[in-house]
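Open your viewer and get your selection tool ready. We will walk through this protein one stop at a time, and at each stop you will hear what to select and what is there.

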Amino acid sequence: MKKILSVVLALALLLALAACGTASAPSATEAPAATEAPAAETPAEEPAAKETITVGASSTPHAEILEQIKPILAEEGYDLEIVVFDDYVLPNTALEDGELDANYFQHTPYLNSFNASNGTHLVSAGLIHYEPFGLFGNGVSSLDEVAEGATILIPADDSNETRALLLLAQEGLITLPEDASAEKGVSHLDIVDAKGYNVVPVQADMVPSQLANSDAGTLAVINGNYALAAGLKVADALAVEDASGDAAQTYANIVAVREADKDSAKTQALVKALQSETVKNFIAETYNGAVVAIF
């Protein structure tokens, strides 16, 4: 019995020593791999804020043309804000008062007349386009059909009245003084011979609606932009200004600015964009001769 017990104890001791020999302890010099902290993200650089150019304009075609240059100005670092006006006075007073950076709706003779009448100091920064004046009729398809004593509506403001009267004289409907000119100016009171017609000055933006609500046989000389807005086509006019004369240059629509801002970076960027091929192509493809690029 003692012999068996001795054998058992000896075997247990051998097993314990074998177990100890196969176990491996971790090395004292071995350390767990360090986990690298994520690199801090560099904050994204804020895009530079665009400077705003605020321009007043008539809705047609001026605001439509301005819409075409928004991408061009954006590339130059400007946001274009277009403020639409439906008359010929507020865009100039707002510009003079500093509410606008520029306006685009008028020609130089009108601007000069406005400055003289209102003591403003606005100047042209560039010629953009020309809108031929058209003579339209209510129920009249040719000048041969114009009845004696017919009413002829014309714009009432100084420069556009001159322009309308020159067109009527061009077509032989009235006679003006021999020295009548766009530069000198002329009014309905200067008509030498109305040839029996009743020439009536009306606020420019009201001429199309007055014609639409007039008696059959009435005629009207209408500014190009107001004709477009009323859905009237130059192709349907009874007569159009002679584009071979000096009307195109004299009555070209301009970008107007305050005198002190004529050479500013904003003004230069605006005029350059408006005198681009993008604008020239848009005008040619959109207005079918009712608007003509002048640059």
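The tour starts with confidence, then visits strands, salt bridges and cavities.

**Stop 1: colour by confidence**

Keep in mind that you are looking at a predicted model. Its mean pLDDT is 86, with 83% of the residues reaching 70 or more. Now select residues 1–34, where the pLDDT is below 50. Beyond near neighbours in sequence, that stretch makes zero contacts in the model, and you can hide it for the rest of the tour.

**Stop 2: strand β1 and its partners**

Select residues 51–58, which form strand β1. How many of the eight residues of β1 are buried? Six are, so the strand is largely enclosed by the rest of the structure.

Next, add residues 78–85 to the selection: this is strand β2, which pairs with β1 in the parallel sense over eight bridges. Then add residues 102–107, strand β3, which also runs parallel to β1 and is joined to it by three bridges. Click on G56 to see both pairings from one residue: V83 is its bridge partner in β2, and N103 is its bridge partner in β3.

**Stop 3: strand β4 and its partners**

Move on to residues 122–130, strand β4. Here the pairing is antiparallel: six bridges connect β4 to strand β10, residues 253–258. Strand β11, residues 292–293, is antiparallel to β4 as well, with two bridges between them. H129 is a handy residue to click on, as N253 stands opposite it in β10, while A293 is its bridge partner in β11.

**Stop 4: salt bridges**

Show side chains for this stop; the structure holds seven salt bridges. Begin with R163 and E241, whose side chains meet at 2.6 Å, N to O. Which parts of the protein does this pair tie together? R163 belongs to helix α6 (residues 158–170) and E241 to the loop between β9 and α9, so the pair links parts that are 78 residues apart in sequence. Are these two side chains in buried or exposed residues? R163 is buried, with a relative accessible area of 3%, and E241 is buried too, at 9%.

Now select R258 and D261, another salt bridge, with the closest N and O atoms 3.1 Å apart. D261 counts as partly exposed, because its relative accessibility is 23% and buried means under 20%.

For a pair within one helix, select E277 and K280, which meet in a salt bridge at 4.0 Å, N to O. Both lie in helix α11 (residues 277–286), three residues apart, or about one turn of the helix. K280 is partly exposed, with a relative accessible area of 30%.

Finally, select E51, D101 and K266 together to see a network of salt bridges linking them.

**Stop 5: cavities**

Rolling a probe the size of a water molecule over the atoms shows where empty space is left. In this model, the count comes to two cavities of 30 Å³ or more. The largest cavity holds about 100 Å³ of space. To find it, select Y88, F105, Q106, H107 and N223, which lie nearest its centre among the 13 lining residues. The elements giving two or more residues to this lining are β3, α6 and α8. Which of the elements gives the most to the lining? It is β3, with three residues.

Conventions
Residues are numbered from 1 along each chain as its sequence is written. This is a predicted model: local features need pLDDT of at least 70, side-chain atom pairs count only at pLDDT 80 or more; totals for chains, interfaces and linings use all residues. Side-chain values use heavy atoms; hydrogens and water are left out. Buried means under 20% relative accessible area, exposed over 50%, partly exposed in between (1.4 Å probe, protein chains only). Helices (H or I, at least four residues) and strands (E, at least two) are DSSP runs, numbered from the N terminus. Two strands pair if DSSP finds at least two bridges between them. pLDDT is the predictor's confidence in each residue, from 0 to 100. Contact means heavy atoms within 4.5 Å. On a 1 Å grid over the protein atoms alone, a cavity is a set of points where a 1.4 Å probe fits but cannot get out, and a pocket is an open set with protein on both sides within 12 Å along at least five of seven lines; lining residues have an atom within 4 Å of a point. Grid points are joined across faces, edges and corners, and a volume is the space filled by probe spheres set on the points.
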